[in-house]
Amino acid sequence: MRVSVVGGAGYVGGELVRLLLGHPGVTLAQVSSASHAGRPLFGVHPNLRGFTDRRFAAPGDLEPCDAVIVAHGGDGGGPPLAALRRLAPRLIDCGPRLRLRDPAVFRAIYGSEPEPADLLAEAVYGLPELTRSALAGATLVSGPGCSAVATTLALLPLARAAWPLAAPAVVEARFGSSAAGARPSASAHHPERAGAVRVFAAEGHRHGAEVAQALGWPLDRLSYAGVAVEMVRGIAVSVRCFLQEPVTEGQLWSAFRQAYDGEPFVRIVAQRQGLHRLPDPRWLAGTNLCDVGFALDPSGRRLTLLAALDNLGKGGAGAAVQALNCMEGMPETAGLTFPGLHPL
Ligand SMILES: NC(=O)c1ccc[n+]([C@@H]2O[C@H](COP(=O)([O-])OP(=O)(O)OC[C@H]3O[C@@H](n4cnc5c(N)ncnc54)[C@H](OP(=O)(O)O)[C@@H]3O)[C@@H](O)[C@H]2O)c1
């Protein structure tokens, strides 16, 4: 199938191009950029030198194809969806504009007008571990937020087990700098960002609403903080949960195994000892993996859930390609089998 990438000069766009070039069932059609039209892709994404001599197309020159993946940054969320949908029968939007079902919640969080209700109703959330059957044959898909993927996958076994919480779950999501995109900004300026351990959302990070929606929880069951840390790629999430009734490690293992046995991209990493006993985003760079783990205190009531991923992989471009595979009925792992690097 022929797939075009809109917003291809950004970080998610570059990763999409890398993945699609290696995808056995996809031919890369066009890659658009308003700001780099006419320039070779490798001028912006140097890792692609020698793998493609293609040039960025101007957005107005996009031609019909089989699927469009939109990776446009900025608060506006990118070109109008209606125009993009005329290009292809399938569209995946990596941005936030289709993620939240409730227009009032979207307005409150993003401060802009949501997409029309019919589009919000049609869009399937692109997290196959939750929505695999709805993704099959879907024509409009919303890519999930990077930390929302990690947090949702950390919490999903607990949510499915329906263990009641004594207090809201306390999420701390640590973000690598590429999560903020390729556009320069004051917070991305090297003297400000290098060495950062900066809390940019002490509470109420915007991905909290998405996680609550995905789990079917009320928003106030989560307290969600965001911290900028010294990484380029990567999200590391910890979720502190205070349970009403104690659970055992055996129950935890069985809840996690039930949720993730057979899942190609979720690994349970919860060993008792060893250097790599819990999820670490460093070893996931370039992969479509999300590692999830847990630690339980002796009372059985204080549970820490952990997850790590590459924000441009399972948290961004990889998620979009996995969703595309599900939509098209291609093998779910097609184009996504890179196992990561160690050491790095
Ligand atoms: N970065 C991540 O980790 C991540 C993860 C999951 C989802 N996402 C979502 O994926 C989308 C792309 O993210 P990204 O990080 O790749 O974005 P990005 O690098 O900031 O930008 C991608 C492209 O969007 C356009 N753009 C960016 N900022 C703009 C602005 N202020 N005004 C107008 N156009 C702007 C530019 O396109 P032109 O070249 O055409 O001008 C740019 O090349 C976003 O919606 C983001 O929310 C990002």
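# Notebook: a predicted two-domain model

**Cys 290.** I looked up Cys 290 and found it buried, because 31 other C-beta atoms lie within 10 Å. I am working from a predicted model throughout. The residue belongs to strand S12, which covers residues 290-296. I listed its contacts, leaving out residues up to four places away in sequence: Val 149, Ala 150, Leu 153, Phe 265, Val 266, Ala 307, Leu 309 and Lys 314. I then checked Cys 290 against Cys 241. The two are 49 residues apart in sequence, and their C-alpha atoms are 20 Å apart in space.

**Domains.** I noted the division of the protein chain next. Domain 1 consists of 2-144 + 313-328, and domain 2 of 146-309. Taken over C-alpha atoms, the centres of domain 1 and domain 2 are 24 Å apart. For the contact between them I have 20 residues of domain 1 against 27 residues of domain 2. On the domain 1 side, the elements giving two or more residues are helix H4 (103-110), helix H6 (128-135) and helix H11 (313-328). H11 gives the most to this side, with seven residues. I sorted the domain 1 residues that touch domain 2 by type and got nine nonpolar, seven polar and four charged.

**Sheet.** Which order do the six strands of the open sheet take? I read it as S2-S1-S3-S4-S6-S5, with parallel pairing. S2 and S5 are at the edges with a single partner strand each, so one side of each has no neighbour in the sheet.

I went on to the S1 and S2 end. Strand S1 (residues 2-6) pairs with S2 in the parallel sense over four bridges. The chain gets from S1 to S2 by way of helix H1 (residues 11-21), and this β-α-β crossover is right-handed. For the register I noted that Val 5 is opposite Val 31 in S2, and that Val 6 is opposite Ser 32 in S2. Is strand S2 (residues 27-32) mostly covered or mostly open? I found S2 mostly covered, with five of its six residues buried.

**Helix H9.** I took helix H9 (residues 207-215) next and found it mostly covered, with seven of its nine residues buried. The buried residues of H9 are His 207, Gly 208, Ala 209, Glu 210, Val 211, Ala 212 and Ala 214. They pack against H4, strand S5 (124-125), H6, helix H7 (146-161) and strand S9 (222-229). Just after H9, I noted a positive phi of about 75 degrees at Gly 216.

**Leu 100.** Where is Leu 100 placed? I located Leu 100 in the loop between strand S4 (90-93) and H4. Leu 100 counts as buried because it has 24 C-beta neighbours inside 10 Å. Setting aside neighbours within four places in sequence, I found Leu 100 in contact with Val 105, Phe 106, Ala 209, Glu 210 and Gln 213. Of these contacts, Ala 209 and Glu 210 are on my list of buried residues of H9. I also compared Leu 100 with Pro 191: they are 91 residues apart in sequence and 35 Å apart in space, C-alpha to C-alpha.

**Ligand.** I counted 28 residues around the ligand, of which Gly 10, Gly 73, Gly 74, Gly 95 and Gly 181 come nearest. Each of domain 1 and domain 2 provides at least three residues of the shell. H1 and H11 each supply at least two, and the largest share, three residues, is from H1. By type, I split the shell into eleven nonpolar, 16 polar and one charged.

**Backbone.** I ended with two backbone entries. Ala 162 has a positive phi of about 55 degrees, although it is not a glycine. I placed Ala 162 in the loop between H7 and strand S7 (169-175). Is Ala 162 buried or exposed? I found Ala 162 exposed, because 6 other C-beta atoms lie within 10 Å, and the cut-off for exposed is 12 or fewer. The other entry is a cis peptide bond joining His 342 and Pro 343, with omega about 0 degrees. Pro 343 is in the segment after H11.

How values were computed: Residues are numbered from 1 along each chain as its sequence is written. This is a predicted model: local features need pLDDT of at least 70, side-chain atom pairs count only at pLDDT 80 or more; totals for chains, interfaces and linings use all residues. A residue is buried if 20 or more other C-beta atoms lie within 10 Å of its own, exposed if 12 or fewer, and partly exposed in between; C-beta atoms are placed from the backbone. Two strands pair if DSSP finds at least two bridges between them. A crossover is right-handed if, with the strands pointing away from the viewer, the path from the first strand over the helix to the second runs clockwise. Domain bounds come from an automatic or database domain assignment. Two residues are in contact if their C-beta atoms, placed from the backbone, lie within 7 Å. Ala, Val, Leu, Ile, Met, Phe, Trp, Tyr, Cys and Pro count as nonpolar, Asp, Glu, Lys and Arg as charged, and the others, Gly among them, as polar. A residue is near a molecule or strand if its C-beta atom, placed from the backbone, lies within 6 Å of it.
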